[in-house]
Amino acid sequence: MIAHLPALQVVIPLLAAPACILVRGRDLAFWLALVTTWAAFLVSCLLLDQVMASGVISYELGGWAAPFGIEYRVDALNAFVLLIVSGIGAVVLPFTPRSLLIEMVGEKAYLFYCAFLLCVTGLLGVAITGDAFNLFVFMEISSLASCILISLGPHRRALTAAFQYLIVGTIGATFIVIGIGLIYGATGTLNMNDIAERLPQTGYNRTVIAAFAFLIVGAAIKLALFPLHFWLPKAYTYAPSTVSAFLAATATKVGVYVLIRFLFTVFGVEFSFEVLPTAFPLMLLAVLAMFVASTIAIFQDSVKRMLAYSSVAQIGYMVLGLSLVTVDGLTASMVHLFNHALMKGALFLAIGCIAYRQASFRIEDFAGMGKRMPWTMAAFTAGGLSLIGIPLTAGFISKWYLILAALAADEPLIAALIVISSLLAVIYVWRVVEAAYFRKPPPDAPAGEAPLSLLIPTWILIALNVYFGIETSLPVGVAEHAARALMGAGP
Amino acid sequence: MSDLLVLRIVTKILMPFILLFALYVQFHGDYGPGGGFQAGVIFGAGFILYGLVYGLDALRGVLSSDILRAGFALGLLIFAGVGVAGLLLGGNYLDYNVLASDPVKGQHLGILLIEFGVGLTVASVMISIFYYFAGRGR
């Protein structure tokens with residue numbers, strides 16, 4: 001069975017999703033989904049272990065040989081992203097049953113688990129496949145499933161947010177499929193490794209350049225790179241908190257993975273950054289994202305919307321790292337991918353705990369939250385510190401590597417901008433902390449801690465934030481390994 | 001309803017042919033044009049025609065939403081399950097060669113089974129979509 005791990009990674013959640021519909025019962029569907037996500041997490045751990053020990057794994061679906069059949073190709077970068085997606089899925093899922101009862105209709109919960117598992121399948125599939133068209137298909141699976149998940153939000157506006165997500169996501173997917181079509185026309189192959197080998201021979205003609213433009217813009221829409229981020233704040237604000245936590249921690253990360261994969265593996269460093277001047281526009285947009293989105297976050301009334309804008313800013317850091325086009329920059333980018341999944345996951349789960357007690361996420365309604373829900377608010381504050389990048393948290397590690405990478409690439413201005421934009425994060429996190437700890441709660445405010453089934457997943461993520469703020473060998477080791485492979489001759 | 005006599009009779013006559021044609025497209029798909037998707041659409045169209053002429057309630061009496069929901073889940077399960085069967089019999093995922101004694105028969109059997117899964121899902125989803133559109137405002 002070990003040889004079939006790449007297939008099992010995707011097939012386990014894919015099989016469990018329709019099974020959830022057949023079992024019908026809410027509890028049964030929950031347990032099935034729980035076992036599935038944990039199994040997927042186990043598979044991704046084994047895959048990462050195997051990749052780090054013995055190099056790239058290639059799996060031929062249906063036994064058809066690689067450039068013709070669909071190949072699943074797992075290198076350090078894939079395995080790392082798989083670990084993030086399945087790990088966050090495994091932590092977030094135990095959170096759902098209590099959270100769902102509060103935020104949406106309980107009787108159709110088995111359909112929620114089906115959509116959740118399909119979303120996991122899609123994201124894992126995008127991350128694992130070595131075939132460009134297969135990547136597009138999995139991307140569609142994940143975005144349609146996440147559209148369903150977003151529409152389940154408690155507020156009616158969740159429906160318009162989901163619809164907007166659907167439209168924008170479809171535009172992004174269309175750009176990507178046009179790009180893939182053009183590249184297929186130019187090279188005659190869909191296997192990403194094969195494309196990378198054949199592109200230098202076909203020459204960098206106009207078809208290839210158009211394909212490059214379509215793919216990069218499509219990926220930028222999917223990962224919500226400023227100024228194509230407008231769908232994200234709405235979607236994360238109105239989705240159920242569990243869904244916001246899962247999507248914020250995984251969906252945009254997979255988008256960044258797609259961008260990295262196309263820039264560095266498929267088109268190659270030489271074409272992406274030397275033939276075409278891609279690095280500077282990416283860097284400019286990343287810096288703009290860091291500043292504009294953080295500034296907008298400062299002026300938000302709703303804490304959930306504030307976190308959503310902060311996500312746009314954090315995506316800026318990830319893109320900034322890769323736009324340096326050095327091993328250090330890519331490492332920093334991937335480390336931040338991992339760490340941001342941990343901190344945004346934790347913060348949105350803390351919001352989910354608060355949703356258990358009160359429906360409003362306005363900052364003034366957070367008054368006295370430190371007394372009313374001490375454990376939840378402590379988790380939120382710890383997550384906020386990690387977001388700012390205080391030492392001993394995961395956020396510090398990613399900022400540290402980013403600044404070092406910027407200095408090593410001889411960009412002291414960029415290093416300074418990273419520090420300054422972190423100060424903006426201090427302001428928006430402080431606004432919530434100030435309301436929660438230094439204002440008196442209104443006399444009729446609901447009080448009482450969230451149940452343990454909500455607190456434990458939240459605190460697991462917080463603990464991981466602290467753990468990976470001190471012991472960094474896993475994310476940094478894997479990220480460096482992946483970055484070297486990407487900057488070298490290929491994976 | 002009585003003034004739709006021609007439509008009702010013609011629908012009744014056509015129904016078995018539409019369903020039979022769907023099955024032909026389904027199971028002849030590996031020799032001629034066709035396959036699960038097309039067959040599913042034709043099969044679904046037969047039921048939708050029945051629903052249009054005889055009314056939504058009559059159609060619901062034949063196929064309830066629960067059956068349809070089970071149908072589209074089962075179709076996906078069959079597709080993915082055939083892949084797993086290949087995996088359990090010693091091949092890669094979705095490798096049909098190992099499903100029967102010789103590879104050609106295995107490929108034949110595999111494609112037939114997964115196309116049946118596709119057909120089941122597509123037909124169920126088509127009819128479900130019709131239910132949702134026709135049932136709006138009720």
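How many residues apart in helix α8 of chain A are Asp194(A) and Arg198(A), and about how many helical turns separate them? They are four residues apart in the helix, which spans residues 192–202, and so about one helical turn lies between them. The legends below describe this pair and other sites in a predicted model.

**View 1. A salt bridge within helix α8 of chain A links Asp194(A) and Arg198(A).** The closest N and O atoms of Asp194(A) and Arg198(A) are 3.3 Å apart. Asp194(A) has a relative accessible area of 12% and is therefore buried, the limit being under 20%. Arg198(A), at 32% relative accessibility, counts as partly exposed. Over all chains, the structure holds six salt bridges.

**View 2. Arg261(A) and Asp75(A) form a salt bridge in chain A.** The closest N and O atoms of the pair are separated by 3.1 Å. Arg261(A) lies in helix α11 (residues 241–266), whereas Asp75(A) lies in the loop between β2 (71–74) and α3 (76–92), so the salt bridge ties together parts of chain A that are 186 residues apart in sequence. Arg261(A) is buried, with a relative accessible area of 5%. Asp75(A) also counts as buried, at 9% relative accessibility.

**View 3. Asp301(A), Arg362(A) and Glu364(A) belong to one salt-bridge network.** The side chains of Glu364(A) and Arg362(A) meet in a salt bridge with an N to O distance of 2.8 Å. Glu364(A) is partly exposed, at 38% relative accessibility. Arg362(A) is likewise partly exposed, with a relative accessibility of 38%. Salt bridges that share partners join these two residues and Asp301(A) into the network.

**View 4. Ser143(A) sits in helix α6 of chain A.** The helix covers residues 132–151. With a relative accessible area of 9%, Ser143(A) is buried. Neighbours within four places in sequence aside, Ser143(A) is in contact with Tyr165(A) and Lys222(A).

**View 5. Five residues of chain A make a nonpolar surface patch.** The patch consists of Leu423(A), Val426(A), Trp430(A), Tyr437(A) and Phe438(A), and has an area of about 520 Å². Leu423(A) is found in helix α19, which runs over residues 412–438 of chain A. The relative accessible area of Leu423(A) is 52%, and the residue is therefore exposed, the limit being over 50%.

**View 6. Chain A and chain B meet in an interface that buries about 1,600 Å² between them.** Of this buried area, 74% is on carbon and sulfur atoms. The contact takes 19 residues from chain A and 19 residues from chain B. Four residue pairs are in polar contact across the interface, both residues of each pair being at pLDDT 80 or more. Between the two chains the count of salt bridges is zero. On the side of chain A that touches chain B, the elements giving two or more residues are α1 (5–23), β1 (57–60) and α5 (109–128) of chain A. Of the elements on this side, α1(A) gives the most, with eight residues.

**View 7. Chain B has five helices and zero strands.** Along the sequence, the helices follow the pattern α-α-α-α-α. The C-alpha trace of chain B spans about 60 × 30 × 20 Å along its principal axes. Chain B has 138 residues, of which 37% count as buried. Its accessible surface comes to about 7,500 Å², and 73% of that surface belongs to carbon and sulfur atoms. Among contacts in chain B between residues at least 6 apart in sequence, 63% join residues at least 24 apart.

**View 8. Leu113(B) is placed in helix α5 of chain B.** This helix comprises residues 103–134 of chain B. Leu113(B) counts as partly exposed, at 37% relative accessibility. Not counting residues up to four places away in sequence, Leu113(B) touches Ile78(B) and Val82(B). The C-alpha atoms of Leu113(B) and Gly75(B) are separated by 9.8 Å, and the two residues are 38 residues apart along the chain.

Definitions and conventions
Residues numbered from 1 in each chain as written. Chains lettered and ligands numbered in written order. Predicted model: local features only at pLDDT ≥ 70, side-chain atom pairs only at ≥ 80, totals over all residues. Heavy atoms only, no water. Patch = residues over 30% accessible without salt bridge, like charges linked within 9 Å, V, L, I, M, F, W, Y side chains within 5 Å. Areas by Shrake-Rupley, 256 points an atom, 1.4 Å probe, with all protein chains shown as cover. Salt bridge = Lys/Arg side-chain N within 4 Å of Asp/Glu carboxyl O. Buried < 20%, exposed > 50% of the residue type's maximum accessible area, 1.4 Å probe, protein only. Contact = heavy atoms within 4.5 Å. Buried area = accessible area lost by both parts, 1.4 Å probe. Polar contact = N/O pair within 3.5 Å; in protein donor to acceptor, adjacent residues only side chain to side chain.
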